[in-house]
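Hi there,

Here is the structure I promised to pass on. Have a look at it first, and my notes follow underneath.

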Amino acid sequence: MLRSEHRLRSSLDFGSTVRNGVRVGRPTLVVHARLTDNPPSRVGFVVSKAVGGAVTRNRVKRRLRHLVKDALVQDQATDRPAADIVVRALPAAATDSERLATDLSSAWQSARRRMDDKQQPDGQGRR
């Protein structure tokens, strides 16, 4: 389970992250992320009814929380700046749990790189 300070709860924070952050899509999920000035990094999850019934959605959320916990530990170990991150599960997340871990890791790293590129002072990101 994620600690309280690492959870994104407010609908305003969710909306702001989705609207103003970077977006990285993979077959099982979409990651929205934006840098913040308030450490620590916070994560929220969106798992709609399109993913499946209540049992399936809760299983996907538990799996995502477990995977995100490891990603947050890695971010803290590498001294990354704080970010708000929204992970939105797609219907394929319910049927392909092995791919979910790969997709989350890939999307998380890609979102972090894109945020780092945006943060460069000259406004020119890597291509």
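**What I found**

Let me start with one residue: Gly25 has a relative accessibility of 35%, so it counts as partly exposed. Gly25 sits in strand β1. Its C-alpha atom lies 9.9 Å from that of Val87, although the two residues are 62 apart along the chain. Please keep in mind throughout that this is a predicted model.

**How far to trust it**

Mean pLDDT for the chain is 89, and 93% of the residues reach 70 or more. The stretch to be careful with is residues 121-127, where pLDDT stays under 50. For those residues the model has four contacts beyond four places in sequence. Where pLDDT is low, the predicted coordinates should not be read in detail.

**The overall fold**

The chain contains three helices and four strands, and along the sequence they come in the order α-β-β-β-α-β-α. The radius of gyration is 14 Å, close to the 14 Å that the globule rule gives for 127 residues, so the chain is as compact as a globular protein of that length. If you want a feel for the dimensions, the C-alpha trace spans about 45 × 30 × 25 Å along its principal axes.

Of the 127 residues, 40% are buried. The accessible surface of the chain comes to about 7400 Å², and carbon and sulfur atoms account for 48% of that. Among contacts between residues at least 6 apart in sequence, 81% join residues at least 24 apart.

**How the strands pair**

Strand β1 covers residues 22-25 and runs antiparallel to β2, with four bridges joining the two. A hairpin of three residues connects β1 to β2. Within this pair, Arg23 stands opposite His32 of β2.

On to β2 and its other partner: seven bridges join β2 to strand β4 (residues 83-89), and these two strands are antiparallel as well. Here Arg34 has Asp84 in β4 as its bridge partner.

How buried is strand β2? Six of the seven residues in β2 (residues 29-35) are buried, so this strand is largely enclosed by the rest of the structure.

Strand β3 (residues 42-46) pairs with β4 too, this time in the parallel sense and over five bridges. One bridge to look for there is Val43 with Ile85 in β4. Between β3 and β4 the chain passes through helix α2 (residues 54-77), and this β-α-β crossover is left-handed.

**One loop residue to look at**

Thr36 belongs to the loop between β2 and β3. Is Thr36 buried or exposed? The cut-off for buried is under 20% relative accessible area, and Thr36 has a relative accessibility of 17%, so it counts as buried. Leaving aside residues up to four places away in sequence, Thr36 touches Ala82, Ala83 and Asp84. Asp84 is also the residue in β4 that bridges to Arg34.

If you open the model in your viewer, you could begin with β4, which pairs with β2 in the antiparallel sense and with β3 in the parallel sense. From there you can follow β2 across to β1 and then find Gly25 in β1.

Happy to go through any of this with you.

Best wishes

Notes:
Residues are numbered from 1 along each chain as its sequence is written. This is a predicted model: local features need pLDDT of at least 70, side-chain atom pairs count only at pLDDT 80 or more; totals for chains, interfaces and linings use all residues. Side-chain values use heavy atoms; hydrogens and water are left out. Buried means under 20% relative accessible area, exposed over 50%, partly exposed in between (1.4 Å probe, protein chains only). Two strands pair if DSSP finds at least two bridges between them. pLDDT is the predictor's confidence in each residue, from 0 to 100. Contact means heavy atoms within 4.5 Å. The radius of gyration is taken over C-alpha atoms; the globule rule is 2.2 Å times the number of residues to the power 0.38. Accessible areas come from the Shrake-Rupley method with a 1.4 Å probe; for residues, only the protein chains shown count as cover. A crossover is right-handed if, with the strands pointing away from the viewer, the path from the first strand over the helix to the second runs clockwise.
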